[in-house]
Amino acid sequence: MQALGLVCVGAFVFATSYGCLWVLHKIWGIRVEPTVELQGLDVHEHGMWGYPEFYIPVPGGYGTESHGHLGLGHAHAAKPVAVAMSKEVPA
C-alpha cells in the first residue's frame, strides 16, 4: 500500500510540475538569453561575481593551471609582449 502511495504521489508531483513549467515556458519563457547564460546570472542580476575565486586567479586556488577543468583559458598568466624600441620620432 505504501509503495502504491509513493508511486501515486510521485506521479502527481511530476505531472503537476511538468504542466506548470510547460505553461510558464509557453507564456513567458523560463530561460535567460544565451549570452547571459554563458556569462552567468550573478553578474547580470547583481553586478558582481557570486564566487570570485572561480574567475579571479589566486595562487594555488581556483583559476590556476591546477584547475584547468574549469575551462578558464583567460586565467592563465599572460605571455609578455615584446615591444620594439626605436629612437626615431614620428613627424
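In this predicted model, a good place to start is helix α1, whose length can be checked with simple arithmetic. The helix has 26 residues, and at 1.5 Å a residue these should span 38 Å. The C-alpha atoms at its two ends lie 37 Å apart, so the expected and modelled spans agree. Helix α1 covers residues 2–27, and Gly-29, which has a positive phi near 90 degrees, comes after the helix.

The rest of the fold can be described briefly. The chain contains 3 helices and 0 strands, giving the pattern α-α-α when read along the sequence. Helix α2 takes in residues 34–39, and helix α3 takes in residues 41–46.

How much of the chain is buried? Of its 91 residues, 8% count as buried. The accessible surface of the chain amounts to about 8400 Å², and carbon and sulfur atoms account for 68% of that area.

One part of this surface deserves a closer look. A nonpolar patch is formed there by Phe-14, Tyr-18, Leu-21, Trp-22, Val-23, Leu-24, Ile-27, Trp-28 and Ile-30, which together have about 1000 Å² of accessible area. Among the members of the patch is Trp-28, placed in the loop between α1 and α2. Is Trp-28 buried or exposed? Its relative accessibility is 67%, and because exposed means over 50%, Trp-28 counts as exposed.

His-44 offers another example, this time from helix α3. With a relative accessible area of 40%, His-44 is partly exposed, since that class lies between the cut-offs of 20% for buried and 50% for exposed. Leaving aside residues up to four places away in sequence, His-44 touches Val-36 and Gln-39. Val-36 and Gln-39 fall within the range given for α2, residues 34–39.

Finally, it helps to ask where the prediction is confident. The mean pLDDT of the chain is 74, with 57% of the residues reaching 70 or more. Among the elements of the chain, α1 has the highest mean pLDDT, at 97, and α3 has the lowest, at 82. Over residues 66–70, by comparison, pLDDT is below 50, and the model shows 6 contacts for this stretch beyond near neighbours in sequence. Residues 72–86 also stay under 50, with 7 contacts beyond four places in sequence. Predicted coordinates should not be read in detail where pLDDT is low.

Note on methods. Residues numbered from 1 in each chain as written. Predicted model: local features only at pLDDT ≥ 70, side-chain atom pairs only at ≥ 80, totals over all residues. Heavy atoms only, no water. Patch = residues over 30% accessible without salt bridge, like charges linked within 9 Å, V, L, I, M, F, W, Y side chains within 5 Å. Areas by Shrake-Rupley, 256 points an atom, 1.4 Å probe, with all protein chains shown as cover. Salt bridge = Lys/Arg side-chain N within 4 Å of Asp/Glu carboxyl O. Helix = DSSP H or I, 4+ residues; strand = E, 2+ residues; numbered from the N terminus. Buried < 20%, exposed > 50% of the residue type's maximum accessible area, 1.4 Å probe, protein only. Contact = heavy atoms within 4.5 Å. pLDDT = per-residue confidence, 0-100. Expected span 1.5 Å × (residues − 1).
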